[in-house]
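User: I would like to learn how to read strands, burial and cores in a model like this one. Could you take me through some cases, beginning with a single residue and its setting?

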Amino acid sequence: MGPTLSPNPLVSSHQKTVEETNKNQAVVLALYEALNTRDVNTVHQILAPDLEWWFHGPPTHQFLMRLLTGASSDDPFRFEVDPVSVTTFGSTVIVEGCDNSRSISWVHAWTVRDGIITQVREYFNTSLTVTRLRDSPPSACSSSTAEIAPVYCPYVWESSLSNRVGKSVPGLVLAI
């Protein structure tokens with residue numbers, strides 16, 4: 001009989017992270033489907049009652065807030081949330097889309113915890129770059145004095161639709 005192989009903890013940890021990432025992305029996509037079909041019960045099940053909201057853009061473009069609060073229940077208002085790209089980094093799900101008829105591009109950065117959306121950052125007509133915030137690599141911190149260590153922020157994602165709106169847009173960095 002050969003030796004018994006124990007599971008590799010690194011492989012198991014990676015697999016768990018991938019499964020969590022897929023679940024978080026599925027939660028956000030289910031929210032968009034519920035918003036597009038006006039399925040209020042599903043929206044309430046997916047969103048935390050104390051959802052944290054952050055918005056960057058003109059107040060007249062708070063379409064997602066109008067959808068989530070029911071302020072847009074009137075028939076003439078339609079804002080289809082049809083994602084063009086979805087990228088997930090653990091609990092953060094980045095979704096990008098655009099509405100050419102209104103000359104807008106948008107990015108939503110959702111935070112999902114235990115299958116519930118707890119936070120959304122919404123950006124309209126803004127070029128967004130996402131970075132990971134962490135301590136500097138050891139080679140960059142060779143000083144032995146009591147200085148503040150630099151922070152290392154590798155780029156992990158950048159919006160691509162903001163150039164479609166036909167005008168200059170502000171740029172922001174989101175550190176996760």
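User: In which strand is the place of E122, and what does E122 touch?

Analyst: In this predicted model, E122 belongs to strand β5, which covers residues 116-124. Leaving out residues up to four places away in sequence, E122 touches W53, W54, F55, H56, H61, L64, M65, V107 and H108.

User: Does E122 count as buried or exposed?

Analyst: A residue is called buried when its relative accessible area is under 20%. E122 has 0% relative accessibility and therefore counts as buried. T92, in strand β3 (residues 92-99), is also buried, because its relative accessible area is 9%; beyond residues up to four places away in sequence, T92 touches T87, W110 and I176.

User: How are the strands of the open sheet ordered, and which are the edge strands?

Analyst: Strands of a sheet pair through backbone hydrogen bonds, and they may do so in parallel or antiparallel fashion. Here five strands form an open sheet in the order β1-β5-β4-β3-β2, with mixed pairing. The edge strands, each of which pairs on one side only, are β1 and β2 (85-89). Direction ignored, neighbouring strands of this sheet are turned by 20° against each other on average. As for the pairing of β2 with β3, these two strands run antiparallel and are joined by five bridges; V86 has V95 in β3 as its bridge partner.

User: Which residues touch the most other members in the largest nonpolar core?

Analyst: That core has 23 residues, and the ones that touch the most other members are V28, L31, W110 and I117. At least two residues of this core are supplied by each of α1 (9-36), α2 (40-46), β1 (47-56), α3 (63-69), β3, β4 (104-113) and β5, and the largest share, six residues, comes from α1. With neighbours within four places in sequence set aside, V28 is in contact with V93, V95, W110, V112 and I117. Apart from this core lies another one, of nine residues, including I94, A109, V130 and L174.

User: How many of the residues of strand β6 are buried, and to which strand is β6 joined?

Analyst: Five of the five residues of β6 (residues 127-131) are buried, so to read this strand one should look at both of its faces. S127, T129 and T131 on one side and L128 and V130 on the other are all buried, and both faces are thus covered. Five bridges join β6 to strand β10 (residues 171-175), and the two run parallel; within this pairing, S127 stands opposite G171 in β10.

How values were computed
Residues numbered from 1 in each chain as written. Predicted model: local features only at pLDDT ≥ 70, side-chain atom pairs only at ≥ 80, totals over all residues. Heavy atoms only, no water. Buried < 20%, exposed > 50% of the residue type's maximum accessible area, 1.4 Å probe, protein only. Helix = DSSP H or I, 4+ residues; strand = E, 2+ residues; numbered from the N terminus. Pairing = 2+ DSSP bridges. Contact = heavy atoms within 4.5 Å. Core = buried A, V, L, I, M, F, W, Y, C linked by side-chain atoms within 4.5 Å. Axes fitted to C-alpha atoms, helices over the stretch in contact; angles between N-to-C directions.
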